[in-house]
Amino acid sequence: MGNLVLIGVLCFGFVNYVIEGYPVEDLVLNLPGQPKVSFRQFSGYIDIDLQNGRSLFYYFVEADAHPHNKPLSLWLNGGPGCSSIGGGAFTELGPFFPTGDGRGLRRNKMSWNKASNLLFVESPAGVGWSYSNKTSDYTTGDAKTAEDMHIFLLNWYEKFPEFKSRELFLTGESYAGHYIPQLAEVLLDHNARSTGFKFNIKGVAIGNPLLKLDRDAPATYEFFWSHGMISDEVGLRIMNDCEFDDYTFASPHNVTDSCNEAMSEANNIVGEYVNNYDVILDVCYPSIVQQELLLKKVVTKLSVGVDVCMTLERAFYFNLAEVQKALHANRTNLNYRWSMCSGVLDYSDTDGNIDILPILKKIVNNGIPVWVFSGDQDSVVPLLGSRTLVRELAHDMKLKITVPYGAWFHKGQVGGWATEYGNLVTFATVRGAAHMVPYAQPSRALHLFSSFVNGRRLPTKTHIPME
């Protein structure tokens, strides 16, 4: 593997080597308040456009064990315009979570780096610490985002050449239902044109994804109704008066007055004291938490085992100067604080209307497995819409059912329900999970992800007898 450079014995408490082909300048020696770990982390910038000064910030964490034998998985959060590092890496599936005082980190025992090397990117420019020196770059949309991620990956591989031939899995959630399939399409087009390097794409997995707005939008109100969150009268009015075929992000009220009134009434009934992204979780009260963080109090509030104030603790941690220095972040001293979702991005308000099913069809036709998974307590992009769309995709492609819809198991309990079409398309729910599946059900989410990257079906039987 070439020359070895000894580094960081005192930082990690163990002898660690940087192998040639890894960027020493991006090595994260130790994050403030970080527990000791045996794997390496890297973070920094990948330049996308030197002329405009456009760069994307990344965080890469090796697999917890045997990283050289594990695949590479890219994770993108949605929004559009929300941080994959703040979301995926430090709230959901990365190796660390913020502590309750917002000044340190604790281990995530169910991190997905148990199954894969993980790469998180703040995309597009204008999200998190990713930036451009040309403010017009902050006016963007799906196509530009996918192309910039294509350039990012090509340049990232130059920093990490060992991964050029490694299996690549493309994953994400929410609006990444647009990001990930469109990126996969761009990479497949690259492969078709290239006589040299080709991306070794082995799978696509997207959680609670926006796929087709005219089906995902009514699913929200079906979810409210089926979960007792709105009355029969309001639910029936929405189903009878609303024609969602005309529903778009740009003109969401391009529907009848009676439909608008019914949806407005439904939203008022649900109210502000329920987390729409996970209807069984308690809510966090920002004004109280922010004051406690400043007073250095531990503010962790738990709801069925989940820290519902983690997002505020994470934002506090990422805005500490010593944290940004350790991550090699904010190299241009941005004139705004790090936030989970961008306040400078002007993202297309029409791209959300794109039908993603034809792109998924292209991916599957290239022999690449596609998994769509849904936390069943999410009312924002509920399983009711995603399940229907996956079935419609399979029907359009004439894929036969290869695994009938039924329960899958984890640790002797039902992990959710799943079905498979044509050995390539899987739909799975995760029982008790949120819009951010790994956040609410970390153990079940890790089981699902491990099955995905290892080419295994979810287990449909448990070995624990009921008697």
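## Close-up views of a predicted model

**Figure 1. Overview of the predicted protein model.** The mean pLDDT of the protein is 91, and 90% of its residues reach 70 or more. The model is predicted. Its fold holds 14 helices and 18 strands. Of the 467 residues in the protein, 57% are buried. Contacts often link distant parts of the chain: among those between residues at least 6 apart in sequence, 69% join residues at least 24 apart. Residues 1-18 need caution, as pLDDT stays under 50 there. For this stretch the model has 36 contacts beyond four places in sequence.

**Figure 2. Helix 5, residues 213-226, and its covered faces**. Helix 5 is mostly covered, with ten of its 14 residues buried. The buried set is Leu-213, Arg-215, Asp-216, Ala-217, Pro-218, Ala-219, Thr-220, Tyr-221, Phe-223 and Phe-224. Note that Arg-215 and Asp-216 are on this list. Three helices pack against the buried residues of helix 5: helix 6 (232-241), helix 7 (257-270) and helix 12 (383-396). The length of helix 5 checks out, because 14 residues at 1.5 Å a residue should span 20 Å, and the end C-alpha atoms are 20 Å apart. Gly-228 follows helix 5 and has a positive phi, near 70°.

**Figure 3. Helix 12 and its packing partners**. Helix 12 also has 14 residues. Their expected span, at 1.5 Å a residue, is 20 Å, and the end C-alpha atoms of helix 12 are 20 Å apart, so the two values agree. Buried here are Leu-383, Gly-385, Ser-386, Thr-388, Leu-389, Val-390, Leu-393 and Ala-394. The buried residues of helix 12 pack against both helices and strands. The helices are helix 5 and helix 11 (357-365). The strands are strand 15 (370-375), strand 17 (413-421) and strand 18 (425-430). Just after helix 12, Lys-398 takes a positive phi of about 60°.

**Figure 4. Helix 14, with Leu-448 in view**. Helix 14 covers residues 442-453. Ten of its twelve residues are buried, so helix 14 is largely enclosed by the rest of the structure. Those buried are Ser-443, Arg-444, Ala-445, Leu-446, Leu-448, Phe-449, Ser-450, Ser-451, Phe-452 and Val-453. Leu-448 counts as buried because its relative accessibility is 3%, under the 20% cut-off. Beyond its neighbours within four places in sequence, Leu-448 is in contact with Trp-371, Phe-373, Trp-408, Ala-428, Val-430 and Leu-458. Gly-415 lies 33 residues away from Leu-448 along the chain, and their C-alpha atoms are separated by 8.8 Å. The twelve residues of helix 14 should span 16 Å at 1.5 Å a residue; the end C-alpha atoms are 16 Å apart, which agrees. After helix 14 comes Gly-455, with a positive phi near 65°.

**Figure 5. Val-323 in helix 10**. Helix 10 runs over residues 321-326 and includes Val-323. Val-323 has 0% relative accessibility and therefore counts as buried. Leaving aside neighbours within four places in sequence, its contacts are Pro-32, Tyr-317 and Phe-318. Val-323 and Arg-103 are 220 residues apart in sequence, yet 9.2 Å apart in space, C-alpha to C-alpha.

**Figure 6. The second largest pocket and its lining**. About 350 Å³ of space lies in this pocket. Its lining has 22 residues; the closest to the pocket centre are Phe-97, Gly-305, Val-306, Tyr-439 and Pro-442. Three elements each supply at least two lining residues: strand 7 (105-107), strand 13 (306-307) and helix 13 (437-440). Helix 13 gives the largest share, three residues. By class, the lining of the second largest pocket divides into twelve nonpolar, five polar and five charged residues.

**Figure 7. The one cavity of 30 Å³ or more**. A search of the whole structure finds one cavity at that cut-off. The largest cavity holds about 30 Å³ of space. Its lining is made up of Gly-126, Val-127, Gly-128, Tyr-336, Arg-337, Trp-338, Ser-339, Ser-342 and Gly-343. Five of the lining residues are polar, three nonpolar and one charged.

Methods
Residues numbered from 1 in each chain as written. Predicted model: local features only at pLDDT ≥ 70, side-chain atom pairs only at ≥ 80, totals over all residues. Heavy atoms only, no water. 1 Å grid on protein atoms, 1.4 Å probe; cavity = no way out; pocket = protein on both sides within 12 Å on 5 of 7 lines; lining within 4 Å. Points joined across faces, edges and corners; volume = space filled by probe spheres on them. Nonpolar A, V, L, I, M, F, W, Y, C, P; charged D, E, K, R; others polar. Helix = DSSP H or I, 4+ residues; strand = E, 2+ residues; numbered from the N terminus. Expected span 1.5 Å × (residues − 1). Buried < 20%, exposed > 50% of the residue type's maximum accessible area, 1.4 Å probe, protein only. Contact = heavy atoms within 4.5 Å. pLDDT = per-residue confidence, 0-100.
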